[in-house]
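Thanks for coming. I have one structure to go through today, so please look at the screen.

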Amino acid sequence: MISEPNNPGFNTPEFPNPEAAALARFIDASPTPWHAAEMAGRLLTSEASYVPHEPGASPLDSERGFVVRGGSLIAWNWATDAAPRSGDALRMRLIAAHSDSPNLRIRPRPDSGSVGVKQLGVEIYGGALVNSWLDLDLTLAGRVQLTDGSTAMFSHHGALLRVPQLAIHLDREISADGLKLNKQTHLNPVWGLGAPAPGEFRDWLAAQVGCPASDVLDWDVACADTRPSTSFGKTQEFLAAPRLDNLCSAYGALAALGSTTPADGPNIVVLHDHEEVGSTTATGAASAWLTQILERLALARGIDRTGFLELLANSTLLSADMAHATHPNYPDRHEPSHHIDLGAGPVIKHNVNARYATDSEGAAKFRRACAAAGVGVQDYSHRGDLACGSTIGPVAAAELGMETVDVGMAQLSMHSAREMMANADVPAMVAAFSAWFRPRVGS
Ligand code: CO
């Protein structure tokens, strides 16, 4: 079990198991992908044996190490003292998850307003359920680029913004037509009274990171809900939190890696930013970044290019992302023979059109891991008359040329500002992912 970050900013509610409590702390400390990557590194360093490396500096020769670039992280557990083996004797086990979640992002020139109210211009990041962002007490977090070449992270505490919903008396069509939101005009949060003044946001940001406004060159800033994650339900069955998709899987991958030793390896965790916007970025799943880091890790261990290519062919990637539990109010939206229960363990995602990368060989490997961990496993198959979502699995499989299996934990409200899952699924996930990193003979 990875030790937990020191995060005294809020009171932790009672969770029925320590893994769910640790996941809640990880999520609350990670309002943006950049914070998630930083927090992931902090979790790994607090294990005392994971060494941070600069992504552009070699050699990557720590047995337990990691690199961070922006909102992405690659961590490894890979012995350096073992004599190089031929490719057919060595294989990697990987777990990949994404670090980003849909949200509202602050535009480059955000100072705006209307009718005597100051507002911030936002752009929607990814496929957010925008209705879920209405009437929340929002705050801001992100990173700021400064004139001296440094990057400053910040996370504001306390309510700062709100996207107020139109009153029902002024929106009589809502009962017949449902809520209709225009992404350009209806989602800009309010944050003050008076006429907007150019430069106000930059001034505020400069104060957040403790520098003059003239030092602020650029920023990546996202809105975040101020409410901490919480446990709820008649007997605390459920976990309500922002960003479960996909910080839940990210946490599971990190906790599993923390439970392994170099003798179990090579084991790799990758957290990719930009899944929600298509993955085609320098550190997204469609990039060459993971392949490049893996090859540098191999070279640092005396494995040549031929050996590395053999290694890729022998290795397996677990693509971990959240899965749709069957919704109690909409069971008709689900394939009737493939209902997914909250609290019943990990889900293998199947799609014959390769929206998920799983095939029977990969699925069998994950089933063996779940059996070794003593946790149940479920099978997801999408309705034939609904368009299926996708994951980084097919993208990563194509980029690496590696066998890949798509799995995830069941949740409701995917892409809402506040999602939910079962507390019991968190330790089940950690157990299954830990077993994935310790394959038995024949698995
Ligand atoms: Co996801």
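I will take the metal site, then a helix pair, then two covered helices.

This is a predicted model, in which local features need pLDDT of at least 70, side-chain atom pairs count only at pLDDT 80 or more, and totals for chains, interfaces and linings use all residues. Residues are numbered from 1 along each chain as its sequence is written, and side-chain values use heavy atoms, with hydrogens and water left out.

What coordinates the cobalt ion? The donors are His 98 through NE2, Asp 245 through OD, and Asp 321 through OD twice, at 1.9 to 2.6 Å. A donor here is an N, O or S atom within 2.8 Å of the metal (3.2 Å for Na, K and Ca); water is not among the atoms, so sites may look incomplete. The angles subtended by the four donor atoms run from 52 to 139 degrees, so the arrangement is irregular. For reference, four donors are tetrahedral if all angles lie between 85 and 135 degrees; four are square planar and six octahedral if opposite donors are over 155 degrees apart and all others between 65 and 115; anything else is irregular.

The sequence spacing of the donor residues is H-x146-D-x75-D. His 98 sits in strand S4 (residues 93–98) and Asp 321 in the loop between strand S14 (316–320) and strand S15 (323–324), 223 residues apart. Helices (H or I, at least four residues) and strands (E, at least two) are DSSP runs, numbered from the N terminus.

Are these two residues buried or exposed? His 98 counts as buried because its relative accessibility is 1%, and Asp 321 counts as buried because its value is 5%. Buried means under 20% relative accessible area, exposed over 50%, partly exposed in between (1.4 Å probe, protein chains only).

Next, the helix pair. Helix H8 (residues 360–373) and helix H10 (residues 425–436) pack at about 115 degrees, with axes 8 Å apart. Axes are lines fitted to C-alpha atoms over the stretch in contact, and angles run from 0 to 180 degrees between N-to-C directions. On the H8 side the contact (heavy atoms within 4.5 Å) includes Lys 365 and Phe 366, and on the H10 side Phe 433 and Trp 436.

Last, the covered helices. In helix H1 (residues 18–28), ten of the eleven residues are buried, with H10 among the elements covering them. Helix H4 (residues 200–209) has Phe 201, Trp 204, Leu 205, Ala 206 and Val 209 buried. After H4 comes Gly 210, with a positive phi near 70 degrees.
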